[in-house]
Amino acid sequence: MATLKDVKVGESATVAKLNGTGALKRRIMDMGLTKGTHVYVKKVAPLGDPIELTVRGYELSIRRDEAANVEVTDVRTGE
């Protein structure tokens with residue numbers, strides 16, 4: 001299954017599942033990335049880390065290794 005780090009700039013997706021355990025999973029959930037949430041990839045830094053997302057109406061920057069723990073579905077172009 002695709003992860004959030006695989007989604008390209010200008011594409012959107014829906015969070016399907018959170019991997020990881022303990023503090024990492026709680027941190028991702030506290031940022032608003034929960035199952036069923038719509039995510040739009042706005043920008044990626046020049047060296048690829050971090051990724052800037054639009055989630056629930058706000059801007060969020062997340063590291064690529066954290067994004068690898070977020071499985072997504074319904075990847076499509078546009079917001």
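How many salt bridges does the structure hold? In this predicted model, the count comes to five. Three of the salt bridges are described here, followed by a look at a buried threonine.

One of the salt bridges sits within a single helix. D30 pairs up with R26, and their closest N and O atoms are 3.4 Å apart. Both belong to helix α1 (residues 22-30), and because they are four residues apart there, about one helical turn separates them. As for surroundings, D30 is exposed, at 57% relative accessible area, while R26 is partly exposed, at 46%.

Helix α1 also takes part in a salt bridge through R27, whose side chain meets that of E66 at 2.8 Å, N to O. Since E66 belongs to helix α2 (residues 64-67) and R27 to helix α1, this pair ties together parts that lie 39 residues apart in sequence. E66 is buried, with just 5% relative accessibility, whereas R27 comes out as partly exposed at 41%.

Over in the strands, the side chains of E59 and K42 form a salt bridge at 3.6 Å, N to O. Here strand β4 (residues 58-62) supplies E59 and strand β2 (residues 38-44) supplies K42, so the link joins parts 17 residues apart in sequence. E59 is partly exposed at 42% relative accessible area, and K42 is partly exposed too, at 37%.

Then there is T14, in strand β1 (residues 11-18). T14 counts as buried because its relative accessibility, 18%, falls under the 20% cut-off. Setting aside neighbours within four places in sequence, T14 touches G36 and T37, along with E71, V72, T73, D74 and R76.

Definitions and conventions
Residues are numbered from 1 along each chain as its sequence is written. This is a predicted model: local features need pLDDT of at least 70, side-chain atom pairs count only at pLDDT 80 or more; totals for chains, interfaces and linings use all residues. Side-chain values use heavy atoms; hydrogens and water are left out. Helices (H or I, at least four residues) and strands (E, at least two) are DSSP runs, numbered from the N terminus. Buried means under 20% relative accessible area, exposed over 50%, partly exposed in between (1.4 Å probe, protein chains only). Contact means heavy atoms within 4.5 Å. A salt bridge is a side-chain nitrogen of Lys or Arg within 4 Å of a carboxyl oxygen of Asp or Glu.
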